Amino acid sequence: MKKFLMAAAGGILAGGIVTTQVAAPLLAQEAAKTTNVYEQLDLFGDIFERIRVQYVEPVDEAKLIEAAINGMLTSLDPHSSYMPPEDAEAMRVQTRGEFGGLGIEVTQEEGFVKVVSPIDGTPADAAGVESGDFITHVDGESLLGLTLNDAVELMRGPVGSEIIITIAREGESEPFDVSIIRDTIKLTAVRTRLEGSTAVLRVTTFNDQTYPNLAEGLAKEIEAAGGMDKINGVVLDLRNNPGGLLTQAIKVSDAFLEKGEIVSTRGRNPEDGDRYNAEAGDLINGKPIVVLINGGSASASEIVAGALQDHRRAIVVGTKSFGKGSVQTVLPVRGDGAMRLTTARYYTPSGRSIQALGVSPDIIVQQPRRKPEAEAEEEAGTKPRTRSEADLRGSLNNDSLTEDQIRQIEEDRNKAEEAAKLREEDYQLAYAIDILKGLSTLGPKE
């Protein structure tokens, strides 16, 4: 027993020695780190004072501090930034659905300003700016080396004023200039219409109005079609949608899901993670959905596409999405400014992160660019006319059908020809509608 106690005591003593020997260096390391941080802050103060006193021209001290704060945030990732009071207010206005500018969502890639997507119906959209374009100059001034906020500031200006941006585009041998007239950007979050028996929901952004616009517009189109039984499905068009509010992405996804996870977010600490689940209720009672995406579909758009794809609730058609799988939290700071900080990654219901990878369509469909000669043929009306048996002189009549049956066939043919015209205007949308037509044709007959 005595030997046992001695062994136990020795073990405790040895444990004490080991703990002390391990803990002491760790404490020393932490102390060194803290000292190093304060030394760097002292260094910052020294440099700030040197600039303030010795720079060749007088400097705005407040702007120097703002630039330092913004530099610290932008060094983290392309989506974290500092917003001075005027920018913070502009951001709040934008989420309400109206703001001034060109109408483009931009990010920064390797020092260059890259267009995520132009917003439908805005000056940039009308001027032909495309997703994936790089903006190299504004009014002849290079953007290389500027922060994203500074570059955006150059693009702002009074409504009605002209701006000339220089664009470098893949497939073009030389950069080219585009003239745009600044305007007040009034966002209609969702535009709805009927294409034959298909309800098309064009979602341009995710702001406070997105879900209300979608629910109201969808109900209107269903009524115009003559009821839910007359609708063969929905095309949810998320192309060139740069994203927006996470809450609205969840609501739009939930509009078509009866149950299950929509999205989860995971932050630095496990306890900061959240899961968002669908509640019972489907606005279209299980009718098929085709989701359209492209390289300009980002963030909230990818949450919706990923959720509906993972639940096999929709067929995703188009091209790979942008791949922004992070969540930014806007945090107020003193002086009425705000800090946009990346605080989490989001994951689709299957647990996949789309960060830098994007959502891959179930069916890849490129949007072909119209050839100039095809446009010229349309304008001149010189497209070749097809001939049929009925055009031949002396051809036999079809005596197996009544006049009403022939009239119905001709009406159906005219509808099909009208639908085919859409392929010339928007091939991807026409492809999506054709999928829904095929599904309804194969569906059960009552």
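Let us start at S301, a residue that lies in helix 8. Leaving out residues up to four places away in sequence, S301 touches F206, L238, N241 and G243, where contact means heavy atoms within 4.5 Å. S301 is buried, with a relative accessible area of 1%; buried stands for under 20% relative accessible area, exposed for over 50%, and partly exposed for anything in between (1.4 Å probe, protein chains only). Helices (H or I, at least four residues) and strands (E, at least two) are DSSP runs, numbered from the N terminus.

Before going further, a word on what you are looking at. This is a predicted model, in which local features need pLDDT of at least 70 and side-chain atom pairs count only at pLDDT 80 or more, while totals for chains, interfaces and linings use all residues. Residues are numbered from 1 along each chain as its sequence is written, and side-chain values use heavy atoms, with hydrogens and water left out.

Next to S301 in helix 8 you will find A300. At 1% relative accessibility, A300 counts as buried. Setting aside neighbours within four places in sequence, A300 is in contact with F206, G243, G244, L245 and A249. A300 also sits 8.9 Å from G325, C-alpha to C-alpha, although 25 residues separate the two in sequence.

Now step back to the whole protein. It has 11 helices and 19 strands, and of its 446 residues, 35% count as buried. Among contacts between residues at least 6 apart in sequence, 67% join residues at least 24 apart. The protein exposes about 26,500 Å², with carbon and sulfur atoms supplying 53% of that area; accessible areas come from the Shrake-Rupley method with a 1.4 Å probe, and for residues only the protein chains shown count as cover.

What about the inside? In soluble globular proteins, nonpolar side chains tend to be buried together. A nonpolar core is a set of buried Ala, Val, Leu, Ile, Met, Phe, Trp, Tyr and Cys residues joined through side-chain atoms within 4.5 Å. The largest one here has 40 residues, and L214, L236, F256 and V291 touch the most other members. Helix 8 (residues 300-310) gives the most to this core, with 6 residues. Apart from it lies another core, of 18 residues, including I104, V106, M155 and V178.

F256 is a good place to pause. Beyond its neighbours within four places in sequence, F256 is in contact with L201, L214, L218, L236, D282, I284, I289, L308 and R313. Another residue to visit is L292, in strand 15 (residues 289-293). L292 counts as buried, at 0% relative accessibility. Apart from neighbours within four places in sequence, its contacts are V235, L236, D237, L238, R239, V317, Q428, L429 and A432. The C-alpha atoms of L292 and I315 are separated by 8.6 Å, with the two residues 23 apart along the chain.

How do helix 6 and helix 7 pack? Helix 6 (residues 210-225) and helix 7 (residues 246-254) meet at an angle of about 25 degrees, and their axes are 9 Å apart. Here axes are lines fitted to C-alpha atoms, for helices over the stretch in contact, and angles run from 0 to 180 degrees between N-to-C directions. The two helices are therefore roughly parallel to each other, since angles under 35 degrees count as roughly parallel, over 145 as roughly antiparallel, 65 to 115 as roughly perpendicular and the rest as oblique. In this pairing, T210, Y211, P212 and L214 of helix 6 meet Q248, K251 and V252 of helix 7. Within helix 7, the buried residues are Q248, A249, I250, V252, S253 and D254. They pack against helix 6, strand 13 (261-267), strand 14 (274-277) and helix 8.

Finally, let us look at some loops. D139 is in the loop between strand 5 (134-138) and strand 6 (141-142), and its phi is near 50 degrees, a positive value in a residue other than glycine. D139 is partly exposed, with a relative accessible area of 49%. D336, in the loop between strand 17 (326-332) and strand 18 (338-347), has a positive phi of about 70 degrees although it is not a glycine. At 61% relative accessibility, D336 counts as exposed. P158, in the loop between helix 5 (148-155) and strand 7 (162-168), is exposed at 60% relative accessible area.
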